[in-house]
Structure formats: C-alpha cells, structure tokens
Amino acid sequence: MNRVRSISCAAGIAGLAVAAGAAAHHSHASLDRNNPQTKAGVVAEYLWKVPHVYLIVDVPDENGEVVQYTVESMNPPSLARLGWSADTFRPGDPIILHGAHDRDPDRPYMGLDWAQSVDGPRMFADRRQLEAYLEETGAEPPSGSIVDAEVPPAETFPSGFWTRTVSPYREPPADMPLNECIYPGPPRMMMMPMAYNFRWEDDDTIIIDRDLWPQPRVVHMNADTAPQAEPSAWGYSTGRFEDDTLVIETTDFIDDRWGIQIGLHSSYQKHLVERYWLEENGMALKGEFTITDPGYLSEPMVIQHSWAKVADRPILQAECSMEAAWLYITAGYNEDEYEVPVTLPQQ
C-alpha cells in the first residue's frame, strides 16, 4: 500500500512526498536495538536542525578506508534539556559514538545513545541513560542540562513551562504530499511534543511561547482594546476566565493544512474554543479544544489534552531543514534504494 509520510518540523510540518517503503524506514525503524556498536571517527557535519539532529561522521573501517556514517539523534529541544547546543560538535572534531546500528550491517547508519569528543563530556541522547551514567560514574551533568532541575508547581495559571503528556497522533492520509516547512495554527500548534511557556505580558495580554515557533502566540484579554489583525493560520485569539479556567476563543482563520490534527486540515470557517485548568496541585495542566469547522467537520469536534509542569528555561529555536527532514523520513536511504522512487524537493 502506498503511503505519503509527513513530519512535524519547526513548530509546524516539514513534509516530503514519499512513496511506498518510507513507512518502513521512518525515524529509527531501520535500527537494530540488539546490535549496539561503538565507532570512532571525525565529524564531517553536525546538523542541529529540525526535526532531528544528525551527525555525519567519517569512520575508518577495518581496512583503513573511510566510511561516512549518518548518525540520528533526537530533536533539538529534547537534546537541549540534556546539555546539547548548536555548538556541541563541529566539523573536524574527533568523536566516539555509541548506538544501535542499522539492520543492514553494510549500511553506514546508526541511532545515537551517546557521543563524546576527545576533550568534551559524554553527551547522551536519552535522559534515562544520562541519569544512569551520572549515578554510576559520579560525573557532573553536562553544562546547560536541566536533568536535575527542580520543578515547582504552578500556583496560578497562566504561568510556567509545560510539555504534553498525551499524544493524539493520527496517521496522515495517503493523498497529502508536502514539500515545505509550515506552521499550522491551533489546535494542532498546541499539541506538539515541545515545551510551552504561558505568561502574562501585561494586564491585557497573555503570551504563549513554544520551542521552535517563529513567533509567540498572543491572547487578548480585553477584546475592546485589542488591535485587529489580518486573518492567518494562527487566527485572532481573545481570552477570559471562568472561575479558575482560562478560556481562549479564536476566529479569523485562513485555510490551514493540518490545522486541526495531523492529517486533518481546517478552513477559514474554523472556530476554536480552548479551556485550560490546573490539576494535581499545580503539576498538571489540562485542556479541552472544541473545534467547529463546516469546511471539514460535520459537527463540532472535542479534543482532550494534558501537559506536565517542567523546569523553566529559555525558549529554543532551530532551523527547519528539508535535509534533516529527508534523513528523518528515509533513515538515510538513497532514492534508488526505495521500492518506489522518491524525490527530495528543491529548497
């Protein structure tokens, strides 16, 4: 069965038109977890990009010939919490890598458990592995990591950083090829696996920041004095409180690809009501989205969502890269290795 695969990227979607075979290679699917290997080489390229970070490493084989390995890690926000940054590795750095090898032993492709340069700390791509390593060795956490950061509960809302605890994921339909990075509006924009920061800008404005968004989301708490704006994918949001629940109502949309969920578009007729409230003594944020859109829905649709309180930190930005998106979808396979040819769009 042919299937088009599209991916989340840079606060939106970076999609590539991919035919049959892509599903089998989608992000880590080609890796053999029972075959972890350690490689030593030199960094040729360090892609601090969205959707996933990649290391391209020149590794000498047993005969001394250089083989270029593609090494897949996680997304920039996940790695940033573990101390990674855009400058962690540079071309020319000698490096040691450890991770699951591709199921094909002849393919120079790996997933990453950890990487270490000659003089640097061991950088992990998984929090649990990092914590186990720190406990076993007594080493200090990498600079900039927040693995041991205290997370205070929220006393009121909106406040603090939150990340989702549920994933209402839906497979994209088979007729949806995309070839660019886009930024879908709400409610899809509120359900990504990134950190969200809710804060008061002033008495009349609530700001919602999120990793990898190109700009903050603005909620006007005084509709009478709020400036008007042109319709957009993000719409025009006004807010109010009903007891301790923040209610956000958004209108003035444009047609939006995946504006409701993955695989579900929205139209300019979309009307969205969001409700947010605290639970679990300020450590959990609950949400409910009610979407009305005659262009795509025969009746209003309700989505439940939840977030967990996380440590405050700077919002992270990284470039949306079609090169990284291509690697993410294909696990590094070339076009002629696919059962059905695929095409990388021109940037």
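# A walk around the barrel

Start by selecting Trp277, which you'll find in strand E20. Before going further, keep in mind that this is a predicted model. Is Trp277 buried, exposed or partly exposed? Its relative accessibility is 24%, so it counts as partly exposed. Now show whatever surrounds it. Leaving out residues up to four places away in sequence, Trp277 touches Asp244, Thr245, Ala284, Leu285, Lys286, Gly287 and Glu288. Turn on side chains and you can pick out a polar contact of 2.9 Å between those of Trp277 and Glu279. For a backbone check, put a distance label between the C-alpha atoms of Trp277 and Leu246: they are separated by 6.6 Å, although the two residues are 31 apart along the chain.

Next, colour the strand partner. E20 (residues 271-279) pairs with E17 (residues 245-251) in the antiparallel sense, over 5 bridges. Select Thr250 to see one end of a bridge; its partner in E20 is Leu272.

Zoom out to take in the sheet. Which strands make up the closed barrel? There are 9, running E11-E13-E14-E15-E16-E17-E20-E21-E22, with mixed pairing. On average, neighbouring strands of this sheet are turned by 30 degrees against each other, direction ignored.

Now jump to E11 (residues 161-164). On one side, E11 pairs with E13 (residues 195-202), antiparallel, over 3 bridges. E11 also pairs with E22 (residues 301-310), again in the antiparallel sense, over 4 bridges. Phe161 is a handy residue to click here: it stands opposite Asn197 in E13 and opposite Val310 in E22.

Time for the charges. A search of the whole structure finds 12 salt bridges, and a few are worth a stop. Select Arg313 and Asp211, whose closest N and O atoms are 2.4 Å apart in a salt bridge. This pair links distant parts of the chain, 102 residues apart: Arg313 sits in the loop between E22 and strand E23 (319-320), and Asp211 in the loop between strand E14 (205-210) and strand E15 (217-220). Arg313 is buried, at 14% relative accessible area, and Asp211 counts as buried too, at 0%.

Go back to E20 and pick Arg275, which forms a salt bridge with Glu242, closest N and O atoms 2.7 Å apart. Why does this pair tie together separate parts of the sequence? Because Arg275 lies in E20 and Glu242 in strand E16 (residues 236-242), parts that are 33 residues apart in sequence. Arg275 is partly exposed at 26%, and so is Glu242 at 32%. Add Arg240 and Glu249 to your selection, and you have a network of salt bridges linking Arg240, Glu242, Glu249 and Arg275.

For another stop, try Arg90, whose side chain meets that of Asp87 in a salt bridge (3.6 Å, N to O). Arg90 is partly exposed, with a relative accessible area of 47%.

Finish at Asp256, in strand E18 (residues 256-261). Which side chain of opposite charge is nearest to Asp256? That would be Lys270, 4.2 Å away, and Asp256 is buried yet has no salt bridge; the cut-off is 4 Å. The Asp256 side chain does reach the backbone nitrogen of Gly185, at 2.7 Å. Show its contacts beyond four places in sequence and you'll get Pro184, Gly185, Ala233, His265, Ser266 and Lys270.

Key. Residues numbered from 1 in each chain as written. Predicted model: local features only at pLDDT ≥ 70, side-chain atom pairs only at ≥ 80, totals over all residues. Heavy atoms only, no water. Helix = DSSP H or I, 4+ residues; strand = E, 2+ residues; numbered from the N terminus. Buried < 20%, exposed > 50% of the residue type's maximum accessible area, 1.4 Å probe, protein only. Lys, Arg positive; Asp, Glu negative; His and termini not counted. Polar contact = N/O pair within 3.5 Å; in protein donor to acceptor, adjacent residues only side chain to side chain. Contact = heavy atoms within 4.5 Å. Pairing = 2+ DSSP bridges. Axes fitted to C-alpha atoms, helices over the stretch in contact; angles between N-to-C directions.
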